[in-house]
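User: Hi! Could you walk me through this model, one question at a time?

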Amino acid sequence: MAGLYISRAVDSVIESRRVSAMSWSVAGKIIAVDPGHGGIDPGSKGNTGVEEEEITLAVSEKLKDTLTGAGAIVVMTRESDMDLSDPNGSRLITRKRQDLSRRLELAEKNGADLYLSVHVNCFKSGPGEHGAQVFYQPGSEEGKQLAESMQAEMARVLGNTTRKAKAVDYYTTRNSKMPAAIVEVGFISNPKEEKQMLDSEYQRKLAYAMYCGVVKYFAGSATATNNPVDRDGALETFMENEGQVLDAP
Ligand SMILES: [Zn+2]
């Protein structure tokens, strides 16, 4: 057992060095980091009372630090509890759409190469559901490569998710002109994961896992074969959501 443990630890150190050696791939890249929700829409809420928007902001700030440290230029869509819609009394759905499209515009205006939207998942009727999962737009080859690379690194670094990258037709990924991914970093409906996501060390680990995925995506070494996409599930979801305005959960 000890031997196996040590061998895994060594593998992990070797892999981290590999990522370090590849970090040139993000230098000079412009990356939009979107902390999901905020302002009019706090997102889902956990048992502790924490709101999704707080966790997504904390993780996104750490992702920004990690990417910036490697020489990337990061455009944040928000840096406090706010949204980008006009406060003019429109219906919530109108303001929500305006917020989402303005976040994308901000990224485009700044010439972003990539759009990463950070979210927290919620499945109230199943508190056992857990694990980070990355989503991309059906039909986007770049989005798929990005999502698979990030999913593989989240599985490797966190060691607690067996989920697969999945194609879902969300408003953000559908309307993004740059390769985009929605990263659900964990389930707020799972008490254990909610607690982890509130821990700043774990938040740093999440940010590092996402960073590794981005580095490998740009370095062109996404390990797609280790992480096959759930094709049937993807098609089904796409059919269900076609034409709808759907924000990430
Ligand atoms: Zn969300």
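**Two helices that pack, and a β-α-β unit**

User: At what angle do helix H4 and helix H7 pack, and which word describes that angle?
Analyst: Helix H4 (residues 141-158) and helix H7 (residues 200-219) pack at about 135°, with axes 8 Å apart. Helices here are DSSP H or I runs of at least four residues and strands are E runs of at least two, numbered from the N terminus; axes are lines fitted to C-alpha atoms over the stretch in contact, with angles from 0 to 180 degrees between N-to-C directions. Under 35 degrees is roughly parallel, over 145 roughly antiparallel, 65 to 115 roughly perpendicular and the rest oblique, so H4 and H7 are oblique.

User: Where do these numbers come from?
Analyst: Residues are numbered from 1 along each chain as its sequence is written. Local features need pLDDT of at least 70, side-chain atom pairs count only at pLDDT 80 or more, and totals for chains, interfaces and linings use all residues, as this is a predicted model.

User: Is H2 largely enclosed or largely open?
Analyst: A residue is buried with 20 or more other C-beta atoms (placed from the backbone) within 10 Å of its own, exposed with 12 or fewer, and partly exposed in between. In H2, 13 of the 18 residues are buried, so the helix is largely enclosed.

User: Which residue of E2 is the bridge partner of isoleucine 30?
Analyst: Strands E1 (residues 30-35) and E2 (residues 73-76) pair in the parallel sense over four bridges; pairing takes at least two DSSP bridges. In E2, the partner of isoleucine 30 is isoleucine 73.

User: Which glycine comes just after H2 with a positive phi?
Analyst: Helix H2 covers residues 52-69. Just after it, with a phi of about 95°, comes glycine 71.

Methods
Expected span 1.5 Å × (residues − 1).
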